Amino acid sequence: MWYHQPAINEELLQSLPNLKVVASSGVGIDHLDLKLLSSYGVKVANNPFVVTTDTADLGMALMLASSRRLVEGHEMAVSPDTEYFPADWLGVEVSGATLGIVGMGAIGYKVAERAKAFEMKILYHNRNQRKKEEESAVGAVYCKKIDDLLQQSDFVLLAVNLTPQTHKLIGKRELELMKPTATLINISRGLVVDQDALVEALQNKVIKAAALDVTYPEPLPRDHPLLKLKNVIITPHIGSATKKTRWIMMEEMAESIEAGLAGLPIPREVL
């Protein structure tokens, strides 16, 4: 499967009685009905580890691009109508700011490692607190309640898996808890954010900006209000999109398929 295609539903499973394994690109498995697949005796594999570094890099890139208004700046610099650069055209500081990471798994932790180099104060909210030595290595402070993180952070970065518990985790209430100067960065899944509430918050300056690698649907309809806002950066779900990582993903998927067909233990099997 690539970009959730083909759709693995009961009709497809019934038409493929000899199907043994589904290899899905990337980490997320929210598009798969694991119980349905298991009932047909089909095993599932994904790529849970190879995407972490690139996705963390993109998270930092989105934060920097949004804070320093790189897209707007580029448009201004190349516009045929530009006669001078305004002196009052300003961004906001990343270095020394407070970053709140929601979801301190492999990707979230790599973001924290990068943010430490920017001398950021790092808060995180996770189902489970990290080990003390892991926290100390990046200078991260655990927030048991997500509300505490939202109220204190200059940048809120989402790096959680999409589950029933994280579906629309960030909605109207959560956005109103954030600082009016804060930026929301989403490198997880679009449905982790209530998109209608986000549009309203951005339009009404409840928060300052958003930088999104994921939306729902993908791509957004061309008339969607998010596409018209100057304080939004959207990239086309490219967290893992580097040549080296995509090559490794393909190799891992092939390896999982070969193992499944040979009746061997499947590397990176989703249980």
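Student: How many aromatic pairs does the count come to?
Tutor: This is a predicted model. Rings pair if their centres lie within 6.5 Å. By this rule, the count comes to two aromatic pairs.

Student: Is the pair of W2 and Y3 stacked, tilted or edge-to-face?
Tutor: The ring centres of W2 and Y3 are 6.5 Å apart, and the planes meet at 70 degrees. Planes over 60 degrees apart count as edge-to-face. The W2 and Y3 pair is therefore edge-to-face.

Student: What is the class of the pair Y124 and Y142?
Tutor: The centres of the Y124 and Y142 rings lie 5.2 Å apart, with 50 degrees between the planes. Stacked needs under 30 degrees and edge-to-face over 60. The angle fits neither, so the pair is tilted.

Student: How many residues apart in sequence are the parts that Y124 and Y142 tie together?
Tutor: Y124 sits in strand β4 (residues 121-125). Y142 sits in strand β5 (residues 140-142). The pair therefore ties together parts separated in sequence by 18 residues.

Student: Is Y124 buried or exposed?
Tutor: Buried means under 20% relative accessible area. Y142 has 22%, so Y142 is partly exposed. Y124 has 0%, so Y124 is buried.

Student: Which residues does UniProt list for the NAD-binding domain?
Tutor: The UniProt entry is unreviewed, and it names a "D-isomer specific 2-hydroxyacid dehydrogenase NAD-binding" domain. In the model, the end C-alpha atoms of that span lie 11 Å apart, and the span is 32% helix and 16% strand. The record gives residues 60-239.

Student: Which strand pairs with β6 over four bridges and holds N186?
Tutor: β6 pairs in the parallel sense over four bridges with this strand. Within the pairing, L158 stands opposite N186. N186 belongs to residues 183-186, which form strand β7.

Student: What is the handedness of the crossover from β6 to β7?
Tutor: After β6, the chain passes through helix α8 (residues 172-177). It then enters β7, making a β-α-β crossover. This crossover is right-handed.

Student: Which residues of strand β6 are buried?
Tutor: Strand β6 covers residues 155-158, and both of its faces are covered. Strand β3 (residues 98-102) also runs parallel to β6, joined by four bridges, and L99 stands opposite F155. On one side the buried residues are F155 and L157; on the other, V156 and L158.

Student: Which residue's backbone oxygen does the N186 side chain reach?
Tutor: N186 is buried, at 1% relative accessible area. Among the residues N186 touches are L158, V193 and D213. Its side chain also reaches, at 3.1 Å, the backbone oxygen of R189.

Note on methods:
Residues are numbered from 1 along each chain as its sequence is written. This is a predicted model: local features need pLDDT of at least 70, side-chain atom pairs count only at pLDDT 80 or more; totals for chains, interfaces and linings use all residues. Side-chain values use heavy atoms; hydrogens and water are left out. Rings of Phe, Tyr and Trp (its six-membered ring) pair if their centres lie within 6.5 Å; planes under 30 degrees apart count as stacked, over 60 as edge-to-face and the rest as tilted. Helices (H or I, at least four residues) and strands (E, at least two) are DSSP runs, numbered from the N terminus. Buried means under 20% relative accessible area, exposed over 50%, partly exposed in between (1.4 Å probe, protein chains only). UniProt positions are given in the numbering used here, feature names are shortened, and annotations may be inferred rather than shown by experiment. A polar contact is a pair of N or O atoms within 3.5 Å; within protein, one must be able to donate a hydrogen and the other to accept it, and residues adjacent in sequence count only if both atoms are side-chain atoms. Contact means heavy atoms within 4.5 Å. Two strands pair if DSSP finds at least two bridges between them. A crossover is right-handed if, with the strands pointing away from the viewer, the path from the first strand over the helix to the second runs clockwise. Lists of a residue's contacts leave out its neighbours within four places in sequence.
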